[in-house]
Each structure stands twice: as C-alpha cells, then as structure tokens.
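Here are some worked exercises to try with the model open beside you. Take each task first, then follow the solution one step at a time.

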Amino acid sequence: MQKLVLALAAPLIALNAVAEPKTAAPNRPVAYFAANCANCHGTDGKASGAIPALAGRDRAYLEETMQAFKTGARPATIMHQLAKGYSDEEIAALADYFAQQK
C-alpha cells in the first residue's frame with residue numbers, strides 16, 4: 001500500500017517542484033490544482049475525448065462555469081462535488097491557468 005501511495009504521489013511532487021511560482025493558495029502552485037483536472041480533462045486541459053478540453057477556453061467562461069458547478073446552479077455528475085473543494089481564489093487561478101494554455 002505504501003508503494004502505491006508513493007507511486008501516485010510522485011508525479012504531483014515532481015510537478016510541484018517545477019511549477020511556476022504563481023500560487024492559487026499559500027504554498028500551492030496553480031499547476032498543483034491543475035494536475036487534479038488532468039484525470040478527466042487531459043494534461044494542461046488538452047482533452048481529446050468526450051470530456052471537454054479546458055486549454056485555451058475563455059477565462060471568464062471557465063470561472064463562471066466552475067462557480068456554477070460549485071453553487072449547484074449547473075448540474076453535473078461529478079464536477080459539482082469537485083468544485084466545492086476549491087476556494088473562489090483557486091477557481092480564478094485555475095481559470096486563468098487553463099485560459100493561457102494553447
């Protein structure tokens with residue numbers, strides 16, 4: 001079990017070590033939060049399947065959509081639960097991060 005935890009944590013540790021200095025929360029680079037989105041939306045938001053890509057989307061749209069998931073105004077299967085785990089500042093930083101991806 002310990003090996004599994006270390007194997008899963010290694011990419012996040014590596015990402016944290018090379019991430020840009022801009023932070024979404026104290027001691028948490030934006031890339032730390034963006035890595036959580038990669039499971040469904042692809043690395044840097046570049047999805048290629050049925051789940052929408054986030055890379056290059058309009059910043060305001062991304063932020064408004066995440067806020068709608070967070071408040072429950074926009075129905076979802078999982079995003080409403082995930083969005084509740086982010087502060088408004090983290091959502092804004094994520095929207096900015098994904099809007100800047102090409």
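**Exercise 1. The whole chain**

Among contacts in the protein between residues at least 6 apart in sequence, what percentage join residues at least 24 apart?

*Solution.* Start with the ground rules. This is a predicted model, in which local features need pLDDT of at least 70 and side-chain atom pairs count only at pLDDT 80 or more, while totals for chains, interfaces and linings use all residues. Residues are numbered from 1 along each chain as its sequence is written, and side-chain values use heavy atoms, with hydrogens and water left out.

Step 1: a contact means heavy atoms within 4.5 Å. Among the contacts between residues at least 6 apart in sequence, 48% join residues at least 24 apart.

Step 2: list the elements. The protein has five helices and two strands, and from the N terminus they run α-β-β-α-α-α-α. Helices (H or I, at least four residues) and strands (E, at least two) are DSSP runs, numbered from the N terminus.

Step 3: turn to burial. Buried means under 20% relative accessible area, exposed over 50%, and partly exposed in between (1.4 Å probe, protein chains only). Of the 102 residues, 32% count as buried.

**Exercise 2. The core**

Find which residues touch the most other members of the largest nonpolar core, and which helix gives the largest share.

*Solution.* Step 1: a nonpolar core is a set of buried Ala, Val, Leu, Ile, Met, Phe, Trp, Tyr and Cys residues joined through side-chain atoms within 4.5 Å. The largest one has 17 residues, and M66, Y86, L94 and F98 touch the most other members.

Step 2: trace where the core comes from. At least two residues each are supplied by α2 (30-41), α3 (59-71), α4 (79-83) and α5 (88-100). The largest share, six residues, belongs to α5.

Step 3: look around M66. Leaving aside residues up to four places away in sequence, M66 touches M79, A83, Y86 and I91.

**Exercise 3. Two packed helices**

Work out how α2 and α5 are oriented to each other, and which residues make their contact.

*Solution.* Step 1: check α2 by itself. At 1.5 Å a residue, its 12 residues should span 16 Å, and the end C-alpha atoms are 16 Å apart, which agrees. The expected span is 1.5 Å times one less than the number of residues.

Step 2: do likewise for α5. Its 13 residues should span 18 Å at 1.5 Å a residue; the end C-alpha atoms are 19 Å apart, which agrees.

Step 3: the two helices pack at an angle of about 80 degrees, with axes 10 Å apart. Axes are lines fitted to C-alpha atoms, for helices over the stretch in contact, and angles run from 0 to 180 degrees between N-to-C directions. α2 and α5 are therefore roughly perpendicular, a label for angles of 65 to 115 degrees (under 35 is roughly parallel, over 145 roughly antiparallel, the rest oblique).

Step 4: name the partners. V30, F33, A34 and C37 of α2 meet E90, A93, L94, Y97 and F98 of α5. By class, that makes eight nonpolar, no polar and one charged residues. Here Ala, Val, Leu, Ile, Met, Phe, Trp, Tyr, Cys and Pro count as nonpolar, Asp, Glu, Lys and Arg as charged, and the others, Gly among them, as polar.

**Exercise 4. The end of α2 and the loop after it**

Decide whether H41, T43, D44 and G56 are buried, partly exposed or exposed.

*Solution.* Step 1: H41 is found in helix α2 and is buried, with a relative accessible area of 11%. Leaving out residues up to four places away in sequence, H41 touches K46, A47, I51, P52, L54 and M79.

Step 2: just after α2, G42 takes a positive phi of about 85 degrees. T43 sits in the loop between α2 and α3 and is exposed, at 59% relative accessible area.

Step 3: D44 is in the loop between α2 and α3 and is partly exposed at 28%. D44 has a positive phi of about 55 degrees although it is not a glycine. Most residues other than glycine have a negative phi.

Step 4: G56 is also placed in the loop between α2 and α3, and at 48% relative accessibility G56 counts as partly exposed. Not counting residues up to four places away in sequence, G56 touches F98, A99 and Q101.
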